[in-house]
Amino acid sequence: MTPEQSLASTAVQSWTINIGRAEKLFLGLADEEMAKTVAPGRNRLVYLFGHLIAVHDAMLPLLGIGDRLHPELDAAYLEEADSNRADAVPPSDLKRFWAEVHTALRTGFERFTPEDWTARHTAMSDADHAANPLRNRLAVLLNRTAHLAYHMGQCALAPK
């Protein structure tokens, strides 16, 4: 394995480990457990779950893997804060969306070469990437992995 392959594989493995931790938590919760808040007056677990799905769904076009699968989640989980209102999407649907989005991402990741990981993401031009080549697909993956880990830390605060 070349150093480039090793770096890309390490980043994907870190993503995969964190996705597995999130799946263990969210997919193991009953609907009523998803309504718990991480702390009084803070986000509910169902909101954080929907938020993560929406953010990860947006990675599909950003990384050049494909079109978004569930852009309808943006209004409830990216553009609005959690307000303990009725859920925009039932937890059972969110669990299905999670599987769809992460299957599509995993399939895309498997096709990427180390060179693909260092290519520009679709939110920047060739000129911008030439000026700052560190803003690439791998940087997006690392950023989203950290974002996921941050929210999993919040989830750990929810009462058992």
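Here is a friendly exchange about the salt bridges and the largest pocket of this structure.

Me: What should I keep in mind about the model and its numbering?
Reply: This is a predicted model, in which local features need pLDDT of at least 70 and side-chain atom pairs count only at pLDDT 80 or more, while totals for chains, interfaces and linings use all residues. Residues are numbered from 1 along each chain as its sequence is written, and side-chain values use heavy atoms, with hydrogens and water left out.

Me: Why is the contact between Arg68 and Asp57 called a salt bridge?
Reply: The term asks for a side-chain nitrogen of Lys or Arg within 4 Å of a carboxyl oxygen of Asp or Glu. The side chains of Arg68 and Asp57 meet at 2.9 Å, N to O, so the pair fits the definition.

Me: What does the pair of Arg68 and Asp57 tie together?
Reply: Arg68 sits in the loop between helix H3 (45-62) and helix H4 (74-77), and Asp57 in helix H3, so the salt bridge ties together parts that are eleven residues apart in sequence. Helices here are DSSP runs of H or I with at least four residues, numbered from the N terminus. Asp57, Arg68 and Asp74 are also linked in a network of salt bridges.

Me: How do you know whether Asp57 is buried or exposed?
Reply: Buried means under 20% relative accessible area, exposed over 50%, and partly exposed in between (1.4 Å probe, protein chains only). Asp57 has 0%, so Asp57 is buried. Arg68, at 22%, is partly exposed.

Me: What makes Arg96 and Glu100 a salt bridge, and where do they lie?
Reply: Their closest N and O atoms are 3.4 Å apart, which qualifies. Both belong to helix H5 (residues 91-111), four residues apart, so about one helical turn separates them. Arg96 has 43% relative accessibility and counts as partly exposed; Glu100, with 30%, also counts as partly exposed.

Me: Why is Asp126 called exposed?
Reply: Its relative accessibility is 57%, so Asp126 counts as exposed. Its salt-bridge partner is Arg120, at 2.7 Å, N to O, and Arg120 counts as partly exposed at 29%.

Me: How many salt bridges are there in the whole structure?
Reply: The search finds six.

Me: What makes up the lining of the largest pocket, by class?
Reply: The lining has eight nonpolar, no polar and three charged residues. Among the lining residues are Leu25, Glu33, Lys36, Met152 and Lys160. Asp, Glu, Lys and Arg count as charged, so Glu33, Lys36 and Lys160 fall in that class.

Technical notes:
1 Å grid on protein atoms, 1.4 Å probe; cavity = no way out; pocket = protein on both sides within 12 Å on 5 of 7 lines; lining within 4 Å. Helix = DSSP H or I, 4+ residues; strand = E, 2+ residues; numbered from the N terminus.
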